[in-house]
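Visitor: I would like to go through this protein with you, starting with its charges and then moving on to the fold and the core. Could you guide me?

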Amino acid sequence: MVHIKRLQEDGTDIIAIIGEIDASSSIELDLAIAKSVGDGYRKILVDCHGLEYISSAGLGVFMSYIEELKDKKVYLVLFGLKERVLNTFSILGLADLLNIRETKSDAKKLADELSV
């Protein structure tokens with residue numbers, strides 16, 4: 001079970017994930033990112049403080065957006081990952097492909113720098 005909510009702050013869209021992302025709930029994550037991109041946001045922060053677990057399907061959602069975001073000059077930064085979730089990203093090499101920061105302020109700062 002997952003709860004995903006979006007809120008806007010200073011021209012940045014923040015997607016907060018609470019719970020677990022598995023094959024069935026990855027669809028909700030996909031829709032949230034698609035809506036954010038569709039709404040024209042160039043800076044998207046993904047708050048992972050409440051993310052307890054992510055399956056390969058969930059990781060695949062982030063992977064599926066890498067090229068599109070690059071093409072559209074949209075900057076996505078994840079932050080607040082628990083150590084075991086971060087380890088999942090690292091083991092699969094996704095920590096090198098995605099922008100990951102520890103805190104919201106660091107994530108916002110990176111998104112601001114990238115979008116200049």
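**Charges, fold and core**

Guide: The protein carries 14 positive and 19 negative charges, and the mean positions of the two sets are 5 Å apart. Please note that this is a predicted model.

Visitor: How many helices and strands are there in the protein?

Guide: The protein has 5 helices and 5 strands. Along the sequence they follow the pattern β-β-α-β-α-β-α-α-β-α.

Visitor: What does the C-alpha trace span along its principal axes?

Guide: The span is about 35 × 25 × 25 Å. The radius of gyration is 13 Å, which agrees with the value near 13 Å that a compact globule of 116 residues would have.

Visitor: And the surface: what is the accessible area of the protein, and what percentage of it belongs to carbon and sulfur atoms?

Guide: The accessible surface comes to about 6,200 Å², and carbon and sulfur atoms account for 53% of it. Of the 116 residues, 45% are buried.

Visitor: Among contacts between residues at least 6 apart in sequence, what percentage join residues at least 24 apart?

Guide: That share is 68%.

Visitor: Let us turn to the inside. Which residues have the most contacts inside the largest nonpolar core?

Guide: They are Phe62, Leu78 and Phe89, in a core of 30 residues. The elements giving two or more residues to this core are β1 (2-9), β2 (12-21), α1 (26-38), β3 (43-54), α2 (56-72), β4 (75-79) and α3 (83-91). Helix α2 gives the most, with 6 residues. In soluble globular proteins, nonpolar side chains tend to be buried together.

Visitor: What is phenylalanine 62 in contact with, leaving aside its neighbours within four places in sequence?

Guide: Phenylalanine 62 is in contact with Leu29, Ile33, Val46, Ile54, Leu76, Leu78, Phe89 and Leu98. There is also a second, separate core of 7 residues, which includes Leu45, Ala107, Leu110 and Ala111.

Visitor: Now isoleucine 21. Is it buried or exposed?

Guide: Isoleucine 21, in strand β2, has a relative accessible area of 0% and therefore counts as buried. Leaving aside neighbours within four places in sequence, its contacts are Val2, Ile4, Ser26, Leu29, Leu51, Tyr53, Ile54, Ser55 and Gly58.

Visitor: How far is isoleucine 21 from leucine 78, C-alpha to C-alpha?

Guide: The two are 14 Å apart in space and 57 residues apart in sequence.

Visitor: Glycine 58 appeared in that contact list. Where does glycine 58 lie?

Guide: Glycine 58 lies in helix α2. Glycine 58 is buried because its relative accessible area is 0%, and the cut-off for buried is under 20%. Beyond its neighbours within four places in sequence, glycine 58 is in contact with Ile21, Ser26 and Leu29. The C-alpha atoms of glycine 58 and serine 24 are separated by 9.2 Å, with their positions 34 residues apart along the chain.

Visitor: A change of topic: backbone angles. What is the phi of aspartate 10?

Guide: Aspartate 10 has a positive phi of about 50°, although it is not a glycine. Most residues other than glycine have a negative phi. Aspartate 10 lies in the loop between β1 and β2, and its relative accessibility of 61% is why it counts as exposed.

Visitor: What about lysine 73: what is its phi, and where is its place?

Guide: The phi of lysine 73 is near 55°, again a positive value in a residue other than glycine. Lysine 73 is placed in the loop between α2 and β4. With a relative accessibility of 48%, lysine 73 counts as partly exposed.

Visitor: Towards the end of the chain, where is threonine 103?

Guide: Threonine 103 is in the loop between β5 (99-101) and α5. Its relative accessible area is 32%, so threonine 103 is partly exposed. The C-alpha atoms of threonine 103 and histidine 3 are separated by 20 Å, and the two residues are 100 residues apart along the chain.

Visitor: Last one: which helix holds glutamate 113?

Guide: Glutamate 113 belongs to helix α5 (residues 104-114). At 48% relative accessibility, glutamate 113 counts as partly exposed. From glutamate 113 to tyrosine 75 the C-alpha to C-alpha distance is 9.8 Å, and the two are 38 residues apart in sequence.

Conventions: Residues are numbered from 1 along each chain as its sequence is written. This is a predicted model: local features need pLDDT of at least 70, side-chain atom pairs count only at pLDDT 80 or more; totals for chains, interfaces and linings use all residues. Side-chain values use heavy atoms; hydrogens and water are left out. Helices (H or I, at least four residues) and strands (E, at least two) are DSSP runs, numbered from the N terminus. The radius of gyration is taken over C-alpha atoms; the globule rule is 2.2 Å times the number of residues to the power 0.38. Buried means under 20% relative accessible area, exposed over 50%, partly exposed in between (1.4 Å probe, protein chains only). Contact means heavy atoms within 4.5 Å. Accessible areas come from the Shrake-Rupley method with a 1.4 Å probe; for residues, only the protein chains shown count as cover. Lys and Arg count as positive and Asp and Glu as negative; His and the chain ends are not counted. The place of a charge is taken as NZ of Lys, CZ of Arg, CG of Asp or CD of Glu. A nonpolar core is a set of buried Ala, Val, Leu, Ile, Met, Phe, Trp, Tyr and Cys residues joined through side-chain atoms within 4.5 Å.
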